[in-house]
Each structure stands twice: as C-alpha cells, then as structure tokens.
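The following exercises concern a single protein chain. Please work through each task with the sequence and the structure at hand before reading its solution.

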Amino acid sequence: MRTPKTALSAALGLGLAAALAAAAPVSAAPVTAHSAPHHSTPASIAAYTGSAAEKANTKAFFNAVMAVAKAKHLANPSLKSVTVTYDASAAPSFADQISQSASIWNGAVQNVKLQAGSGGGDFQYKEGDDPRGSYASTDGHGKGFVFIDHAQAQQYNSVRVVAHETGHVLGLPDHYEGPCSELMSGGGPGPSCQNTQPDANERAKVDQLWANGLAGVRFGG
C-alpha cells in the first residue's frame, strides 16, 4: 500500500496507502465484494499509480519467493502444491489479520499454500510507522518482507491491507483502477472499501503463476 503522490511524491513502497486524515473505522472481519460496490476514480488512480521501480520491486519479491518454492518442489516433486512459510513474529499487533489473510488466500487458490513458520520463514511480516504506508519489499538476500504501517491499518480495513500485500508475495501487481471487488485495487476505491477477498480473475492468475512457474520441476500431482 502506497502513500498518495500528493502526500509523498517520491515514495517507494507498494500497496494501499494512508491517504485521508478522516477515515472510516477499521473492520477486521472479512466482507464480501457485494457489500462494497465502490469504484476507483481517475483522481484516486493517479494518486496511487506506482513507479517502474516499485513494480520491479514487486516482481523481485515474487521471484525470490518462487525460487524458494522451486527448491522445495525439487526436494519433493510429488507435491500437488507448494507451501510458502511466513514469519509473523515481527508484526505481533497484526497476528490475527495475518492469520486471516493466509486463510483467505489458502481458500482461494490451489497451487500454493501459506503456512505460519518461524526463524524468518520464506518471507516475513513487519510492522511500524512509515510515511510510505504498507508495502512489500525484497531484502536483497533472496527473501522479502511485508511491512504493515500502523496509521494505514487504522484508516483502511486492516485485513484488506495485509491480504493485498500478501497478493504481491504471490505474484499479483497493483491494479488501482479496479473496483473494490478486486483485492489488488488497493487504496484506489478509498477507505470505505471493505472487501478482503481476491476476485475470480485474481485467484485464477495466482494459480496460473504458480502452476507455470513450477512447470519445469513438477513431476507429480
């Protein structure tokens, strides 16, 4: 989640941003897309459009996670899906939201599964205060982390924030021009958007990415 350009024009970071000072209360409970028919506007799209560097960073994070997944699949070629582990110990305030995000994605896709781990996992969640908002980033050493910004998680649905950033880990780019029903539309539809679920196209894209990405090492299932 990014900060709007009007608030931080040179910001680096990915995902939804803490855009408005007056915002709706956060609801951590998953809400279906049907209850939030909000749409992005030209102004909101322009505010959140990321730079080429940000998009490259998102891709690098996914590639780092995929590299780990390929190694796992080589060791266990009969697996029908790959399990990606995450370490949430550095984001204790968002333990519930992180768990809900994992459940959302595990129920939405088939070819990759998220599982809580320790010792760094395949990627980490961290929390703190950052004017860039929440984002996903590579650590430069073959892994990455999802950073959850405190202020942003208060202004937006915190489960949507975490699930959106986790979508980057699974290979999805931002799509701010999309409606609230798209999880990767992020902050485009505004803080009133409460949808926490990926839509059918996003679910299919993740399954396609993981099936295709592991095609060279998939021998079973």
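**Exercise 1. Helix H5 and its ends**

Determine which phi value Gly171 takes just after H5, and describe the helix that precedes this residue.

Solution. In this predicted model, Gly171 has a positive phi of about 110° just after H5. At the start of H5, a side-chain oxygen of Asn157 comes to within 3.0 Å of the backbone nitrogen of Val159. The length of the helix is checked next: H5 contains 12 residues and covers 17 Å from its first C-alpha to its last, close to the 16 Å expected at 1.5 Å a residue. Burial is then examined. Because 12 of the 12 residues of H5 are buried, the helix is largely enclosed by the rest of the structure. Among these buried residues are the charged or polar Arg160, His164, Glu165 and His168.

**Exercise 2. The disulfide**

Locate the disulfide formed by Cys180 and Cys193, and establish whether each cysteine is buried or exposed.

Solution. A search of the whole structure returns 1 disulfide. It joins Cys180 and Cys193, whose sulfur atoms lie 2.0 Å apart. The cut-off for such a pair is 2.5 Å, and the distance of 2.0 Å satisfies it. The angle about the S-S bond is 85°, and the link is right-handed. Both Cys180 and Cys193 lie in the loop between H5 and H6 (200–213), 13 residues apart. Turning to accessibility, Cys180 has a relative value of 0% and therefore counts as buried. Cys193 has a relative value of 1%, so this cysteine also counts as buried.

**Exercise 3. A glycine in the loop between H5 and H6**

State where Gly187 is placed and what separation its C-alpha atom has from that of His164.

Solution. Gly187 is located in the loop between H5 and H6. With a relative accessibility of 2%, Gly187 counts as buried. Along the chain, Gly187 and His164 are 23 residues apart, while their C-alpha atoms are separated by 9.7 Å. His164 is itself one of the buried residues of H5.

**Exercise 4. Asp130, Arg132 and Asp149**

Identify the partner of Arg132 in a salt bridge, and then examine Asp149, which is buried yet has no salt bridge.

Solution. The whole structure contains 1 salt bridge according to the search. Its partners are the side chains of Asp130 and Arg132, with an N to O distance of 2.8 Å. Side chains of opposite charge can pair when their charged atoms come close. Asp130 is buried, with a relative accessible area of 14%, whereas Arg132 is partly exposed at 26%.

Asp149, in strand S5 (residues 144–149), is a separate case. For Asp149, the nearest side chain of opposite charge is Arg132, 8.8 Å away. The cut-off for a salt bridge is 4 Å, so the distance of 8.8 Å does not meet it. A polar atom of the Asp149 side chain does, however, lie 2.8 Å from the backbone nitrogen of Asp130. Beyond its neighbours within four places in sequence, Asp149 is in contact with Gly128, Asp129, Asp130, Gly133 and Ser134.

**Exercise 5. Tyr86 and Asp87 in strand S1**

Decide whether Tyr86 and Asp87 are buried or exposed, and list what each residue touches.

Solution. Both Tyr86 and Asp87 belong to strand S1, which comprises residues 82–90. Tyr86 is buried, with a relative accessible area of 7%; Asp87 is buried as well, with 6%.

The contacts of Tyr86, with neighbours within four places set aside, are Ile98, Ser99, Ala102, Leu114, Gln115, Ala116, Gly117, Phe123 and Tyr125. The C-alpha atoms of Tyr86 and Gly117 are separated by 5.4 Å, although the two residues are 31 residues apart along the chain.

With residues up to four places away likewise excluded, Asp87 touches Gly117, Ser118, Gly119, Gly120, Gly121, Phe123, Gln124 and Tyr125. The side chain of Asp87 also reaches the backbone nitrogen of Gly120 at 2.8 Å.

**Exercise 6. Helix H3**

Compare the span of H3 with the span its 14 residues should have, and name buried residues in this helix.

Solution. H3 runs over residues 95–108, and at 1.5 Å a residue its 14 residues should span 20 Å. The end C-alpha atoms are 20 Å apart, so the two values agree. The buried residues in H3 include Ile98, Ala102 and Trp105. Of these, Ile98 and Ala102 are also contacts of Tyr86.

Methods:
Residues numbered from 1 in each chain as written. Predicted model: local features only at pLDDT ≥ 70, side-chain atom pairs only at ≥ 80, totals over all residues. Heavy atoms only, no water. Helix = DSSP H or I, 4+ residues; strand = E, 2+ residues; numbered from the N terminus. Buried < 20%, exposed > 50% of the residue type's maximum accessible area, 1.4 Å probe, protein only. Polar contact = N/O pair within 3.5 Å; in protein donor to acceptor, adjacent residues only side chain to side chain. Contact = heavy atoms within 4.5 Å. Expected span 1.5 Å × (residues − 1). Lys, Arg positive; Asp, Glu negative; His and termini not counted.
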